[in-house]
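Q: Please give a close account of one part of the structure shown below, and then set that part in its wider context. A reading of side-chain pairing and accessibility would be most useful.

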Amino acid sequence: MKILFYSLNAALWLHALPENRLVRELVAAGHQVTYVTCGSCFPQHCTSMSASGIELGDAQEKKDAVCASCNQNAGILARSNRADHLELRDFVTDKDHEACRELADALSAETYLDFQFMGIDVGRLASYELFLKYKKMSPELAPEQWDYCKLYIKNCLISLLGFSRLFQAKKPDVVFFYSPQYGI
């Protein structure tokens, strides 16, 4: 069976280690497993940064440190699980990043929840972490929250584009997402 693990947050050991155990077991059972990590595809902010207490306005050096740790962990995990290791960054271009930023910037705080791309409710998916972070009970956003939302939408779009290319390239029978409610 062809299996793809979409594992973009190797900095989060509590998620990454049990997932890696499953990858190893599936490889050992003879399945063709592809293990996809981020490769610093989201340098402005991501779930791993959020879990590390990094805010959107924090210094890039702090963000880069989380990326470095995440990439180091991803390498350790990939070597130990013996799956085919790919990085999302190799499936998106600088033009994709710019186009996704433009799409996110064109949205408004009043209509973001209705935003769809490639048939996916990107606005709703991208708002999950935002709603958790700010303990939101309504979709109305303060200016700081809107900045986060636009970045989460951009990241969600980048992830969607990269994932769609990975899916076409690998044509897996099964895809694993550890926490599919997260936009990235």
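As what does glutamate 55 count at 33% relative accessibility: buried, partly exposed or exposed?

A: Glutamate 55 counts as partly exposed at 33% relative accessibility; buried means under 20% relative accessible area, exposed means over 50%, and partly exposed lies in between, with a 1.4 Å probe and protein chains only. This is a predicted model, in which local features need pLDDT of at least 70 and side-chain atom pairs count only at pLDDT 80 or more, whereas totals for chains, interfaces and linings use all residues. Residues are numbered from 1 along each chain as its sequence is written, and side-chain values use heavy atoms, with hydrogens and water left out.

The side chain of glutamate 55 meets that of lysine 133 in a salt bridge, at 2.8 Å from N to O; the term denotes a side-chain nitrogen of Lys or Arg within 4 Å of a carboxyl oxygen of Asp or Glu. Because glutamate 55 lies in the loop between helix 2 (47–51) and helix 3, and lysine 133 in helix 5 (residues 122–134), the pair ties together parts that are 78 residues apart in sequence. Helices (H or I, at least four residues) and strands (E, at least two) are DSSP runs, numbered from the N terminus. Lysine 133 likewise counts as partly exposed, at 30% relative accessibility. As a general matter, side chains of opposite charge can pair when their charged atoms come close.

This pair belongs to a wider set of charged contacts, for a search of the whole structure finds 9 salt bridges. One of them joins the side chains of lysine 170 and aspartate 84, at 2.7 Å from N to O. Lysine 170 lies in helix 6 (residues 143–170) and aspartate 84 in strand 3 (residues 84–87), so this pair ties together parts that are 86 residues apart in sequence. Aspartate 84 is partly exposed, with a relative accessible area of 33%.

Glutamate 98 and arginine 101 form a salt bridge whose closest N and O atoms are 2.2 Å apart. Both residues lie in helix 4 (residues 94–105), 3 residues apart, about one turn of the helix. Glutamate 98 is partly exposed, with a relative accessible area of 33%, and arginine 101 counts as partly exposed at 34%. In addition, Glu87, Arg89 and Asp90 are joined into one network by salt bridges that share partners.

Helix 3, which follows the loop of glutamate 55, spans residues 60–81 and holds asparagine 73. Asparagine 73 is buried, with a relative accessible area of 6%. A polar atom of the asparagine 73 side chain lies 3.0 Å from the backbone oxygen of alanine 10. Asparagine 73 touches Ala10, Ala11 and Trp13, residues up to four places away in sequence not being counted; contact here means heavy atoms within 4.5 Å.

Trp13 also belongs to a nonpolar surface patch with Leu17 and Ile76, which together have about 250 Å² of accessible area. Such patches are made of residues with over 30% relative accessible area and no salt bridge; like charges are joined within 9 Å, and nonpolar side chains (Val, Leu, Ile, Met, Phe, Trp, Tyr) within 5 Å. Accessible areas come from the Shrake-Rupley method with a 1.4 Å probe; for residues, only the protein chains shown count as cover. Leucine 17 lies in helix 1 (residues 13–28) and is partly exposed, with a relative accessible area of 45%.

Histidine 15 is also found in helix 1, and its relative accessible area of 30% makes it partly exposed. Histidine 15 touches Tyr178 and Ser179, residues up to four places away in sequence again being left out. Histidine 15 and tyrosine 178 are 163 residues apart in sequence, yet 7.2 Å apart in space, C-alpha to C-alpha.

Turning to the cysteines, the structure holds 0 disulfides, a disulfide being a pair of cysteine sulfur atoms within 2.5 Å. Cysteine 38 is in no disulfide, and the nearest cysteine sulfur, that of cysteine 41, is 5.4 Å away. Cysteine 38 counts as buried at 9% relative accessibility. The sulfur of cysteine 67 is 5.8 Å from the closest cysteine sulfur, in cysteine 46, which is too far for a bond. Cysteine 67 is buried as well, with a relative accessible area of 11%.

Terms used: A polar contact is a pair of N or O atoms within 3.5 Å; within protein, one must be able to donate a hydrogen and the other to accept it, and residues adjacent in sequence count only if both atoms are side-chain atoms.
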